[in-house]
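Hello,

Here is the structure I promised to pass on to you. Have a look at it, and then read my notes below.

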Amino acid sequence: MLVAVSPDGRLQDLRADGSPAGPPRAVADLAAAVAEREAADQPRWVWPATAEIYPALLRAGVRVARCHDLELTEALLLGHTGRWGSPRSLAAARARLLGLPVPADPPPRPPEPPGFAQGALFETTSAPPAAAGFDVLPAIQRVYEDQLARVGATEHPGRFRLLVAAESAGALVGAEMGHAGLPWRADVHDELLRELLGAPQPVGPPRRLAELTAEINEALGMRGLHPDSPAEVVKAFARNGVEIPNTRAWVLKRVDHPAVPPLLEYKELYRIWTAHGWSWCDAWVRDGRFRPEYVPGGVVSGRWATRGGGALQVPKVVRRAVIADPGWRFVVADAGQLEPRVLAAVSGDKRLAAAAAAGDLYAALAADSFDGDRAKAKIALLGAMYGQTGGNAIPALAVLRKHYPVAFEFVEAAARTGEAGGLVRSWLGRTCPPSAAALRDAGLDPPEEAGSAETPQGGASGRARGRFTRNFVVQATAAEWALVLLATLRTALEGKKAEMVLFVHDEVVVHCPEEEADAVAEAVRASAVQAGRLLFGDTAVRFPLDVSVVGAYAEAK
């Protein structure tokens with residue numbers, strides 16, 4: 001059963017092919033009408049954008065089981081045809097259908113911390129039908145009908161349907177997590193900030209940052225150096241006979257100089273002070289909850305982003321303030337070695353899949369082909385996925401190419417396609433942008449252990465794009481696995497008090513009563529198995545989770 005929902009308070013039943021199954025009807029109370037239908041037959045709700053409608057339903061106490069997000073689906077379909085980044089709103093999709101000028105998407109609404117605008121965090125931003133210049137409900141029906149046809153015309157329509165369903169389910173989860181909020185103890189946050197930084201000062205940085213600034217200046221023989229200025233620090237090191245390209249931590253750790261230890265500490269504490277200090281807590285934590293706005297599919301790989309609050313980048317030390325409510329626990333589940341396991345599944349390399357059937361893929365790989373050297377096996381696999389071509393990776397990659405040729409060729413083929421300017425797709429059909437993008441903006445940074453001296457901007461743009469596409473096919477598929485995990489876990493938690501409160505790439509956190517913790521942990525593990533089967537069918541590859549049941553987020557493994 002399908003029901004189209006217009007933000008102005010009208011509903012219309014649709015047939016499976018998207019055609020109208022009756023006349024539209026106006027309702028006096030949209031939330032009450034949705035709740036009534038949800039209780040009766042749990043239809044799939046078809047609406048312009050989950051972020052426009054669902055948060056208001058949640059505030060009214062109404063949750064839905066399924067939806068089809070037209071905006072997210074339009075973005076996936078546009079990307080599939082090489083038009084990534086084109087306008088994806090209902091108005092834009094309707095205009096393309098009718099051959100009309102396509103309007104630009106409205107700019108993202110600026111983040112509004114709940115401390116300043118609690119009631120406006122998820123307010124509807126869509127224009128009413130009169131302002132839009134067209135009747136919204138018929139547009140929803142026509143666009144949905146068109147999207148069904150376009151999904152059916154993709155190379156693997158079954159996979160793409162799963163992608164659309166998972167993306168829409170992810171939007172529901174994101175709204176629900178923002179509504180529930182992450183438990184956050186402001187008093188504990190204040191204590192740890194004072195422990196790390198010293199007391200806040202009326203003017204200027206906290207005491208510990210001032211002390212470190214003095215130590216750095218003394219070690220470099222400087223006066224008035226601002227450690228938070230990369231340009232000043234690079235110049236200061238140069239005056240001391242040390243040439244560094246930038247002030248990233250992995251670069252500084254290779255430098256033997258007395259200024260490095262206090263500078264590294266300064267960088268870490270400065271980041272905490274500016275990104276998650278007292279001002280952040282005052283703005284974003286209310287009534288014991290941190291409520292960010294999640295943006296499913298916010299980066300090209302399908303990974304999530306957030307709008308304000310930095311929920312995806314909370315430092316480990318700050319997580320000490322994330323404490324479960326009395327009588328409640330956190331179930332924290334982290335997918336270990338996810339991307340290498342995904343490579344084993346999507347490439348069809350049976351030998352690598354056999355290694356990925358083990359609990360520690362790198363150890364199994366080492367025992368099989370790298371004379372027991374786990375570190376070398378890890379370097380080889382990460383190097384293949386991220387395009388490292390120099391240093392210690394050369395002999396390791398040679399072993400990988402020899403013993404796992406199918407997996408090696410899979411990422412090599414993706415790299416060649418990218419270098420030639422072509423498009424690559426994830427397992428379910430998410431498509432990379434048609435032109436090279438900065439890897440950092442795309443959310444595709446290689447991990448430190450796979451990094452090389454050559455930056456993505458150094459060398460030919462074709463090679464940089466090849467590094468991008470070789471990882472895209474793996475990371476985007478890993479994001480799909482995580483999305484399906486969320487969707488299946490959401491279903492498994494129905495009927496429980498437990499609720500998902502945080503999702504970071506391949507880690508999910510569930511807040512639940514203590515008596516539900518064991519059942520929730522088992523549901524998470526079962527959902528991981530089910531996600532692997534839904535994506536890859538009968539595969540030897542395992543997707544194990546490290547699951548912890550803790551009272552504070554920082555206690556998780």
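**The five-stranded sheet**

The sheet to start with is an open one of 5 strands, in the order 3-2-1-4-5, and its pairing is mixed. Its edges are strand 3 (25-26) and strand 5 (66-69), each of which pairs on one side only. Please keep in mind that this is a predicted model.

Strand 2 (residues 10-14) runs antiparallel to strand 3, and 2 bridges hold the pairing. Within that pairing, Leu11 is opposite Arg25 of strand 3.

Two helices lie across this sheet. Helix 2 (residues 50-59) crosses strand 1 (2-6), strand 4 (44-47) and strand 5, at about 125 degrees to strand 4. Helix 7 (residues 136-152) lies across strand 1, strand 2, strand 4 and strand 5, and its angle to strand 1 is about 135 degrees.

**The four-stranded sheet**

Further along the chain, you will find an open sheet of 4 strands, with antiparallel pairing and the order 12-13-11-14. Strand 12 (499-504) and strand 14 (545-550) each have a single partner strand, so one side of each has no neighbour in the sheet. From one strand to the next, the twist averages 20 degrees.

Helix 22 (residues 461-492) packs on this sheet and touches strand 11 (328-335), strand 12, strand 13 and strand 14. The direction of helix 22 makes about 175 degrees with that of strand 12.

Strand 13 is a good place to zoom in. Its pairing with strand 12 is antiparallel, spans residues 507-513 of strand 13 and counts 5 bridges. Glu499 has His511 in strand 13 as its bridge partner, and Val504 stands opposite Glu507 in strand 13. The two strands form a hairpin with 2 residues between them, and His505 in the turn has a positive phi of about 60 degrees. Strand 11 also runs antiparallel to strand 13, joined to it by 7 bridges; there, Val332 is opposite Val509. How much of strand 13 is buried? The strand is mostly covered, with 7 of its 7 residues buried.

**The cores**

Which residues touch the most other members of the largest nonpolar core? They are Trp184, Phe237, Phe370 and Trp481, in a core of 131 residues. Helix 22 supplies the largest share of this core, 13 residues.

Trp481 is worth a click. Not counting residues up to four places away in sequence, Trp481 touches Ala335, Leu338, Ala528, Ala531, Gly532, Leu535, Phe543 and Leu545. Apart from the largest core lies another one, of 18 residues, including Leu30, Trp47, Val62 and Ala175.

Leu338, one of the contacts of Trp481, also belongs to the buried residues of helix 15. Helix 15 (residues 338-347) is largely enclosed by the rest of the structure, because 10 of its 10 residues are buried. Among them are the charged-looking names you might pick out in the viewer, Glu339 and Arg341. After helix 15 comes Gly348, which has a positive phi near 80 degrees.

**Aromatic rings**

The model holds 13 aromatic pairs. In one of them, the ring centres of Trp184 and Trp280 are 4.9 Å apart and the planes are at 55 degrees, so the pair is tilted. Trp184 lies in the loop between strand 6 (182-183) and helix 9 (186-197), while Trp280 is in helix 14 (residues 278-284), so the pair ties together parts 96 residues apart in sequence. Trp184 and Trp280 are both buried. Ring pairs also link these two with Trp284 and Phe290 into a cluster.

Charges sit over rings as well. The charged end of Arg159 is over the ring of Trp427, 3.6 Å from its centre, and Arg351 lies over the face of Tyr404, 5.6 Å from the ring centre.

**A buried histidine**

Last comes His276, in helix 13 (residues 260-276). Is His276 buried or exposed? Its relative accessibility is 3%, so His276 counts as buried. Leaving aside neighbours within four places in sequence, its contacts are His189, Leu193, Arg271, Gly309, Gly310, Gln313, Val314, Pro315 and Val318. One of these, Pro315, is 39 residues from His276 in sequence, while their C-alpha atoms are 8.4 Å apart.

Enjoy exploring!

Conventions:
Residues are numbered from 1 along each chain as its sequence is written. This is a predicted model: local features need pLDDT of at least 70, side-chain atom pairs count only at pLDDT 80 or more; totals for chains, interfaces and linings use all residues. Side-chain values use heavy atoms; hydrogens and water are left out. Two strands pair if DSSP finds at least two bridges between them. Axes are lines fitted to C-alpha atoms, for helices over the stretch in contact, and angles run from 0 to 180 degrees between N-to-C directions. Contact means heavy atoms within 4.5 Å. Buried means under 20% relative accessible area, exposed over 50%, partly exposed in between (1.4 Å probe, protein chains only). Rings of Phe, Tyr and Trp (its six-membered ring) pair if their centres lie within 6.5 Å; planes under 30 degrees apart count as stacked, over 60 as edge-to-face and the rest as tilted. A charge sits over a ring if NZ of Lys or CZ of Arg is within 6 Å of the ring centre and within 35 degrees of the ring normal. A nonpolar core is a set of buried Ala, Val, Leu, Ile, Met, Phe, Trp, Tyr and Cys residues joined through side-chain atoms within 4.5 Å.
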